[in-house]
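User: I would like to go through the assignments made for this structure and hear the ground for each of them. Please set each value against its criterion.

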Protein chains: 2
Amino acid sequence: MNGKPLHQTADQIHSAAIHLLRALRRADEAAGLSGPRLSALSVVVFAGPLTLGELARAEQVRPPTMTRLVTALENAGLVERKSDPDDARLTRIVATSRGRKLMQRGREARIDALVERLDKLSPGEVDIVRRAAPLLEKAARSG
Amino acid sequence: MNGKPLHQTADQIHSAAIHLLRALRRADEAAGLSGPRLSALSVVVFAGPLTLGELARAEQVRPPTMTRLVTALENAGLVERKSDPDDARLTRIVATSRGRKLMQRGREARIDALVERLDKLSPGEVDIVRRAAPLLEKAARSG
DNA sequence: CGCAGATCGTTAGCTTTGCTAACGAATATT
DNA sequence: AATATTCGTTAGCAAAGCTAACGATCTGCG
């Protein structure tokens, strides 16, 4: 059942994801970091020290990609690599205080950009989006 | 009011957009086209013949980027460039029947990938997502 | 009519982000 | 002790985004 509306839903979500990301990318970069970097930094800040592999899995990205993201964050002084004393293969990624601050600023820029767009919806519509957001996040991460 | 939940909503939508796109990209590519190409093709199929510039604006992308996307679609035989008889600067982009067919297939693959994820939500949650989808799309495009 | 300026699409060249394959170092297993 | 596996990195490729600069066309003002 419901095949037709689900077609639409899929298309709309796909389109929305593409266009939202393109729009938000500008805000993110204005704050000094690209989307993927900000996203990775956000995980490091909130989920505490992580190994590079854990971070790659959390971001659903391959290790080489995460190596490069972390290197960029490290060069920017937002993150540090700490070697694990018990297992020398592991690299623990820790946010610096500068990283924490910048993430906060980036989030504000992102929110401004989003709010600007959500303002064009009615309060009732905003509420629907608000309730859908955590569900979408859960669905997106449940790969 | 509601400053706090909006922070969360913004973060969740951002995260969901990033992760959903990464997940859907695989499905899209399995159908033979990347996300941006499929998205552009979809606009051409549904919005009829468009000039390259119109298509770039619809996709919120710069003209050079769209030139490359259209060239790729053209090389794949999914789209054709037609010169406008009244204004020789314009290039009209038209979908071929092969393009229409492939877009249909791509959409199915995308839906499968999405349904697989949405299946983990309750029916009530799916309904919220269904209602939020067009709103998100509207918000995303209202740049 | 004719030329100056705007518009359209393309080319060239750069960056970022994703991937796979291959490797070296370190740990686990047998 | 020898072999497996695991972890992160390096190397190298493709796609998608951008700006800058151009050539071709149209517009519009003298």
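Analyst: The turns below take up the fold of chain A, selected residues, the contact of the two chains and the surfaces near the DNA strands, all in a predicted model.

User: What is the secondary structure of chain A, and which pattern does it follow along the sequence?

Analyst: Chain A comprises six helices and three strands. In sequence order these give the pattern α-α-β-α-α-β-β-α-α. Along the principal axes, the C-alpha atoms of chain A occupy a box of roughly 55 × 35 × 20 Å. Of the 143 residues in this chain, 38% are buried. Among its contacts between residues at least 6 apart in sequence, 49% join residues at least 24 apart.

User: Why are E1 and E2 of chain A called edge strands?

Analyst: The three strands of chain A form an open, antiparallel sheet in the order E1-E3-E2. Strand E1 (50-51) and strand E2 (79-83) each pair on one side only, which is what places them at the edges.

User: How do you know that E1(A) and E3(A) are paired?

Analyst: Pairing requires at least two bridges. E1(A) and strand E3 (residues 91-95) of chain A have two bridges, in the antiparallel sense, so the criterion is met. Within this arrangement, Leu50(A) stands opposite Ile93(A) of E3(A). H4(A) lies across E2 and E3 of chain A and runs at about 115° to E2(A).

User: What makes the span of H5(A) close to the expected one?

Analyst: The expected span is 1.5 Å times one less than the number of residues. Helix H5 (residues 97-118) of chain A has 22 residues, for which 32 Å is expected, and it reaches 31 Å from its first C-alpha to its last. The buried residues of H5(A) include Gly99(A), Leu102(A), Met103(A), Gly106(A), Arg107(A) and Arg110(A).

User: Why is Gln60(A) called partly exposed?

Analyst: A residue is buried at 20 or more C-beta neighbours within 10 Å and exposed at 12 or fewer. Gln60(A) has 14 such neighbours, a count between those limits, and is therefore partly exposed. Gln60(A) is located in the loop between helix H3 (52-58) and H4 of chain A. Its phi is near 55°, a positive value in a residue other than glycine.

User: Where is Gln60(B), and what is its phi?

Analyst: Gln60(B) is in the loop between H3 and H4 of chain B. The phi of Gln60(B) is near 55°, again positive in a residue other than glycine. With 14 C-beta neighbours inside 10 Å, Gln60(B) is classed as partly exposed.

User: Why is Val94(B) neither buried nor exposed?

Analyst: Val94(B) has 14 other C-beta atoms within 10 Å, whereas burial requires 20 or more and exposure 12 or fewer, so the residue counts as partly exposed. Val94(B) belongs to strand E3 (residues 91-95) of chain B. Setting aside neighbours within four places in sequence, Val94(B) is in contact with Pro49(B), Val79(B), Glu80(B) and Lys82(B). The C-alpha atoms of Val94(B) and Ala47(B), 47 residues apart along the chain, are 9.8 Å from each other.

User: What makes up the contact of chain A with chain B?

Analyst: Each chain contributes to the contact, with 47 residues from chain A and 47 residues from chain B. On the side of chain B, helix H1 (3-30), helix H2 (35-46), helix H5 (97-118) and helix H6 (123-141) each supply at least two residues. H1(B) gives the most, with 19 residues. By class, this side of chain B has 25 nonpolar, 11 polar and 11 charged residues.

User: How do you know which residues belong to the surface near DNA strand C, and which come nearest?

Analyst: A residue is included if its C-beta atom lies within 6 Å of the strand. There are 24 residues around DNA strand C, and Ser34(A), Arg62(A), Gly53(B), Pro64(B) and Thr67(B) come nearest. Helix H2 (35-46) and helix H4 (63-75) of chain A, with helix H3 (52-58) and helix H4 (63-75) of chain B, give two or more residues each. H4(A) has the largest share, five residues. The division is 11 nonpolar, six polar and seven charged.

User: Which residues come nearest to DNA strand D?

Analyst: Of 23 residues around DNA strand D, the nearest are Gly53(A), Pro64(A), Thr67(A), Ser34(B) and Arg62(B). Two or more residues come from H3 and H4 of chain A and from H2 and H4 of chain B. For DNA strand D the largest share, four residues, comes from H4(B).

Definitions and conventions:
Residues are numbered from 1 along each chain as its sequence is written. Chains are lettered from A and ligands numbered from 1 in the order in which they are written. This is a predicted model: local features need pLDDT of at least 70, side-chain atom pairs count only at pLDDT 80 or more; totals for chains, interfaces and linings use all residues. Two residues are in contact if their C-beta atoms, placed from the backbone, lie within 7 Å. Ala, Val, Leu, Ile, Met, Phe, Trp, Tyr, Cys and Pro count as nonpolar, Asp, Glu, Lys and Arg as charged, and the others, Gly among them, as polar. Axes are lines fitted to C-alpha atoms, for helices over the stretch in contact, and angles run from 0 to 180 degrees between N-to-C directions.
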